[in-house]
Structure formats: structure tokens, C-alpha cells
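I opened this notebook to record what I looked up about charged side chains. The entries follow in the order in which I took them.

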Amino acid sequence: MDCLFCRVVAGEVPVETVLADDTVHAFLDHRPLFPGHLLVIPRRHVPTLTDLTEPETGPYFTRVRLLTAAVERGTAAAGSFVATNNRISQSVPHLHTHIVPRNPKDGLRGFFWPRTHYRDAAHATKTAALIRAAL
């Protein structure tokens, strides 16, 4: 398998590492939205969030939480944007979470895609029920 992020974990691709432990490898995105934009990846090859095992989930997101606070403090940001794509818009098929420092009037406008509405309350209720049933 030729996975760019597995090559990062193996030390084959040079990155600016912020944290590397037995759970994650966190490094600066080479095309940041803003300075301090981190990517956090599990060390084990995991394509998507839904492929992360339950025992891996807590430690992974504990690191994401700690790194989010560090990004905000380290860049003197007022807040942050934390996001994980699953397949769609996932440029590397290895789970990764973006941590982007944010400040008022930084130029980003909400989400990067158009927002929509439910047709009516019944449509929202039905959608919620479908997701509950899928749990």
C-alpha cells in the first residue's frame, strides 16, 4: 500500500512534527489555511473515522483535544475549526483531523459548502429517525 500518511509515520516523508506518540502523529499541513493548521493522524493505517476501533477512538480524540488547545494557545488564536472528512473531500485515504486556528475576520466564512434547510419539521423528524435507526 502506498499511503502518504503511512510514509509520514514511517519517517519517509519529512514533515514539521508537533506530536508523535504511540497513538498519533500530528504535523503542520503543508498547505495551511492559516499558520498552525495541523493534521492529526492515527499511526495505524485507518482509512476513515468509521474504521477506527472503539478502543482507539478515545485516545485519538484525547490527542485531538489536547492539540486543539495547543494550537489555540500557540498561535494566540481566538478559537479553532476542527474537522474530519470521511471519503468525500478526503485528499489522502488515511484518517486525518484538521485543526485550524481561527480569529474573528480571518477571511473564512462558515463552512466551505452551501448550507441548506429541511423542507419542514416533518422532514427533520424523519431524517433524525433514520439516523437513530441506523445506530
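**Entry 1: the network**

I began with linked charges and found that D2, R7 and E12 form a network of salt bridges. I take a salt bridge as a side-chain nitrogen of Lys or Arg within 4 Å of a carboxyl oxygen of Asp or Glu. I note that this is a predicted model, in which local features need pLDDT of at least 70 and side-chain atom pairs count only at pLDDT 80 or more, while totals for chains, interfaces and linings use all residues. Residues are numbered from 1 along each chain as its sequence is written, and side-chain values use heavy atoms, with hydrogens and water left out.

Within the network, I read 3.8 Å, N to O, for the salt bridge between R7 and E12. I then looked up accessibility, where buried means under 20% relative accessible area, exposed over 50%, and partly exposed in between (1.4 Å probe, protein chains only). R7 counts as partly exposed because its relative accessibility is 31%. E12, at 54%, counts as exposed.

**Entry 2: the whole structure**

How many salt bridges does a search of the whole structure find? I recorded six.

**Entry 3: D21 and R63**

I next examined the salt bridge between the side chains of D21 and R63, at 2.8 Å, N to O. This pair links distant parts of the chain, 42 residues apart: D21 is in the loop between β1 (17-20) and β2 (24-28), and R63 is in helix α2 (residues 54-75). Helices (H or I, at least four residues) and strands (E, at least two) are DSSP runs, numbered from the N terminus.

Is R63 buried or exposed? I noted R63 as buried, because its relative accessible area is 18%. D21 is partly exposed at 21%.

I also found a polar contact of 3.3 Å between the side chains of R63 and T23. The term denotes a pair of N or O atoms within 3.5 Å; within protein, one must be able to donate a hydrogen and the other to accept it, and residues adjacent in sequence count only if both atoms are side-chain atoms. Leaving aside neighbours within four places in sequence, I listed L19, D21, D22, T23 and V24 as in contact with R63 (heavy atoms within 4.5 Å).

**Entry 4: E56 and R44**

I closed with the salt bridge between E56 and R44, at 2.7 Å, N to O. E56 lies in helix α2 and R44 in the loop between β3 (38-42) and α2, so this pair ties together parts twelve residues apart in sequence. I entered E56 as partly exposed, at 23% relative accessibility, and R44 as partly exposed, at 40%.
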